[in-house]
Amino acid sequence: MVYRSSIGKCLGEDMRKFILKRTLIITNFFIFILGIPVFGLGIWVLVDKPSFLTLFEEAQSVSGTTDSFNVEIYTSAAYILLVVSFLVVLISFFGCCGAIKENKCMLGTYFTLILALFIVMVVGAVLGYSGDLDTTIKNPLKEALNKYKDDATVQTDPLFAYKDAWNEVQQELKCCGVDNVQDWEGNDFNWTPSSANKPSGCCIINQEGEELTEEEQLECRKTEQDPESTTFYFRGCYTMIKDRIESNQNTVVGVAIGVVVVMFLNMLFSFAMCTMVK
């Protein structure tokens, strides 16, 4: 009876170890595969900088405004993304190899690293949700808009690069102004021609996806500033950015929760397997 009990205990322990081993190998393999594209995404963010960041840089060089918007924060975020994705790939490597080889040292290293990354992710999520879009994006955009001058035509003039940046933002995001096209009301922008009431960047493409001719662009620039226009993209750039963030928020939160759950379970599994390995 004692002999059979010992055999049953050994078989039960071997089965638990087998399940833990396979679970760690599979989950860390998928994390490894997913970590590589995230690393590539970080490189892409650094190389293909969003046009609105260029706009803020131009605003700072022209007038010293938008102090509340620190462009370096977003550049640093891309570097952080690169570092975190590299760590994820490295950690998943330790998890896979530690589970395959049943190496206590590698499993212990994996547990320590994933615990540290887990804490960083939780802190980062809390800090991210505590951010205020109005303070970080909308207010600096409002400041930047007030410095726009439509009559800047000399390419050596810093205001020309600034004007070009604004038009690029509005063309790329298919938007006009900050809240909407009515942000461009008034004559303080030195419109060229004087009958215009919005920048050319608002009138490059219509909502049917057709590129406008020069005559159509001029006509668009003279039309009423109607935020509800069904012909042109007269919604604000901040509104577009905010809508994009909110439309993807549930997906991002869902993926983040899934990642945190997997990380937490892998911590438990690695710790359990580490105690089983002799």
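## Stop 1: the second largest pocket

Helices α6 and α7 each supply at least two residues to the lining of the second largest pocket. Start there. This is a predicted model, so local features need pLDDT of at least 70, side-chain atom pairs count only at pLDDT 80 or more, and totals for chains, interfaces and linings use all residues. Residues are numbered from 1 along each chain as its sequence is written, and side-chain values use heavy atoms, with hydrogens and water left out.

Helices are DSSP runs of H or I with at least four residues, strands are E runs of at least two, and both are numbered from the N terminus. Now select Ser200, Gly201, Ile204, Gln217 and Arg221. Of the 13 lining residues, these lie nearest the centre of the second largest pocket. A pocket is an open set of points on a 1 Å grid over the protein atoms alone, with protein on both sides within 12 Å along at least five of seven lines; lining residues have an atom within 4 Å of a point.

The volume of this second largest pocket is about 250 Å³. Volume here is the space filled by probe spheres set on the points, which are joined across faces, edges and corners. Which helix gives the most to the lining of the second largest pocket? Helix α6 does, with 5 residues. Color the lining by class: 3 residues are nonpolar, 5 polar and 5 charged. (Nonpolar: Ala, Val, Leu, Ile, Met, Phe, Trp, Tyr, Cys and Pro; charged: Asp, Glu, Lys and Arg; polar: the others, Gly among them.)

## Stop 2: the cavity

Keep Gly201 and Ile204 selected. Both also line the largest cavity. Add Gln170, Gln171, Lys174, Cys175, Cys202, Cys203, Ile205 and Tyr233 to complete that lining. In a cavity, a 1.4 Å probe fits but cannot get out. How many cavities of 30 Å³ or more does a search of the whole structure find? It finds 1. The volume of the largest cavity is about 60 Å³. Its lining has 6 nonpolar, 3 polar and 1 charged residues.

## Stop 3: salt bridges

Side chains of opposite charge can pair when their charged atoms come close. A salt bridge puts a side-chain nitrogen of Lys or Arg within 4 Å of a carboxyl oxygen of Asp or Glu. The whole structure holds 5 salt bridges.

Select Lys142 and Asp179. They form a salt bridge, with the closest N and O atoms 3.1 Å apart. This pair links distant parts of the chain: Lys142 sits in helix α5 (residues 133-145), and Asp179 in the loop between α6 (158-173) and α7 (214-222), 37 residues away.

Now add Asp183. Lys142 also meets Asp183 in a salt bridge, at 3.0 Å from N to O. Again the link spans distant parts: Asp183 is in the loop between α6 and α7, 41 residues from Lys142 in helix α5.

Are these residues buried or exposed? Buried means under 20% relative accessible area, exposed over 50%, and partly exposed in between (1.4 Å probe, protein chains only). Lys142 is partly exposed at 27%. Asp179 is partly exposed at 25%. Asp183 is buried at 16%.

Move to Asp243 and Arg235. The closest N and O atoms of this salt bridge are 2.3 Å apart. Asp243 is partly exposed at 30%, and so is Arg235 at 38%. Back at the earlier trio, salt bridges that share partners join Lys142, Asp179 and Asp183 into one network.

## Stop 4: a nonpolar surface patch

Select Phe39, Ile43, Val83, Phe86, Leu87, Leu90 and Phe93. They form a nonpolar patch on the surface, with about 590 Å² of accessible area together. The elements that give two or more residues to the patch are α1 (2-47) and α3 (71-101). Helix α3 gives the largest share, 5 residues.

Patches take residues with over 30% relative accessible area and no salt bridge; like charges are joined within 9 Å, and nonpolar side chains (Val, Leu, Ile, Met, Phe, Trp, Tyr) within 5 Å. Areas come from the Shrake-Rupley method with a 1.4 Å probe, and for residues only the protein chains shown count as cover. Zoom in on Phe39, in helix α1. Phe39 is partly exposed, with 34% relative accessible area.

## Stop 5: along α1, then zoom out

Stay on helix α1 and select Leu24. Leu24 is buried, at 0% relative accessibility. Add Met267. The two residues are 243 apart along the chain, yet their C-alpha atoms are separated by 9.6 Å.

Finally, show the whole chain. It has 8 helices and 0 strands. Of its 278 residues, 33% are buried.
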